[in-house]
Amino acid sequence: MATGMDKPVDEVDPQPADTHALNDQLTDWDREHFWHSFTQMQDYQPLVIERADGIWLETTDGQRLIDAASSMWCNVHGHNHPVINAAIRDQLGRVAHCTSLGMGNDTTIRLAKRLADMAPGNLRRVLFSSDGSSAIEVALKAAFQYWQQCDNHGGGPRPEKTKFLAFGDAYHGDTVGAASVGGIGRFHSLFQPLLFDVVRAPLPNRDAVPLEVNPADAAAYYLEQLEPLFAEHAHELAAVVIEPLVQCAAGMVMHPPGFLAGLRELATRHDVLLIADEVAVGFGKTGTMFACEQEGVVPDFLCLGKGLTGGYLPMAVTITNDAIYEAFLGDAASGRQLYHGHTFCGNPLAAAAAMACLDVFEQQQLLDALPAKFQRLSGWFDRLAQHPAVTSTRQTGIIAAANFDTARELSGDQPIGRQVAAEALRRGVWLRPQPHMLYVMPPLAISLEEIDQMMTIVEQSIEVATGTHR
Ligand code: PLP
């Protein structure tokens, strides 16, 4: 088999002299060799980022783009942040990686302590993994194993509790366990034969309650539908898994206020563990460090990823309480430990980035600065709501979305959302294209002026793509 190693040195990686030729070469190689995730490669138009700073991405051909999706919902303090860069460099000079299986390192230990101190309520046992999907796998497996070997207040194990309850249109990642609790058909239905069965509850969408229901009773409306599911299945449920407040991949679907607290109460009453998937909504996106805090909820497992390292390096955590942790204790022969781990879990470089990310939150008192940013964004989405091509808008924290009027779509044309995203790209904002909606979730570091800049382009793009004006 021929490999690059067989080629004469001067044939490997020839570097074109001018920027345009280099860009062409990279886009060719991108098309030829880079199989992009969640991307239809047949339609793929290469977009090659060479550097980034703050909320700005810069392509190899010099275009500057606002990162309106915070690099898939993970960037917090902006790109190329001096504090995070310095922390990674410092760590690099000490140790880049050592295993967390049977040993630790000073930086990751400090991070575990810091997360335990910050996490809601009694959550203080931190298990590291490398990405959000793995954090969910850990929570699912730990919840399952917990019931196999817990003391259950002296009542002994409940081995029949092997199932999970999850919500319609949920998304918790793409590994097989995470996909099983996921409920977005177009992502995972093909794999159905590989997935395990879950008890599926209706999507609690605050914007889709029937007209006869008073909006103030929206949480109660959805909780009433959950009650019989708990009554029927609690005996076999290990846990319920939810993305608190906003189901991001579902299309930024927002839950009615009070729903999360009601779910916590139901789960406790029925002896079912609660897994909060804050992989996307954690780290300030909804206005508090963790979304659960907004309803005073303490889950049994809190899963964090993405923004944990400021969006710099792959790291995720599953944080749980002493009662669950203690069910895994025993002597070496007991087999009670959790047999789940990843080579790079607890990686020191990622831990250094995470520590620096938390430092920046504190140094800049970022959470205090957020309400003004949310308000500025809200003003813009109120304007978009008046646009004839827009049917509705919604916002929670830095996450805001608008739905388009699909009746305006002409057959043969790209859906409006994709046309708007293409226009925004030409004008300097990167929106992750969606067929019938748009959303923004920029880095929290975005300034008020940059919100105006981003939203001016978004508004113009809607006008150009739909040929209509407010
Ligand atoms: N959970 C939620 C809510 C997510 O949004 C995602 C990713 O978008 C995941 C889990 C999976 O995280 P990762 O892509 O890091 O595996």
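This passage looks at the salt bridges of a predicted model.

Side chains of opposite charge can pair when their charged atoms come close. A search of the whole structure turns up 19 salt bridges, and a few of them are described here.

A convenient place to start is helix α4, which spans residues 106-118 and holds both Lys113 and Asp117. These two residues form a salt bridge, with 2.8 Å between the closest N and O atoms. They sit four residues apart, about one turn of the helix. Lys113 is exposed, at a relative accessible area of 51%, and Asp117 is exposed too, at 53%.

Arg114 forms a salt bridge with Asp359, and the closest N and O atoms are 2.8 Å apart. This pair links distant parts of the chain, since Arg114 belongs to helix α4 and Asp359 to helix α11 (residues 348-363), 245 residues apart. Arg114 has a relative accessibility of 14% and therefore counts as buried, the cut-off being under 20%. Asp359, at 27%, counts as partly exposed.

Another pair that links distant parts of the chain is Asp452 in helix α14 (residues 448-466) with Arg376 in helix α12 (residues 366-385), 76 residues apart. Their side chains meet in a salt bridge of 2.5 Å, N to O. Asp452 is partly exposed, with a relative accessible area of 23%, and Arg376 is likewise partly exposed, at 31%. Finally, salt bridges with shared partners join Arg94, Asp106 and Arg110 into one network.

Methods. Residues are numbered from 1 along each chain as its sequence is written. This is a predicted model: local features need pLDDT of at least 70, side-chain atom pairs count only at pLDDT 80 or more; totals for chains, interfaces and linings use all residues. Side-chain values use heavy atoms; hydrogens and water are left out. A salt bridge is a side-chain nitrogen of Lys or Arg within 4 Å of a carboxyl oxygen of Asp or Glu. Helices (H or I, at least four residues) and strands (E, at least two) are DSSP runs, numbered from the N terminus. Buried means under 20% relative accessible area, exposed over 50%, partly exposed in between (1.4 Å probe, protein chains only).
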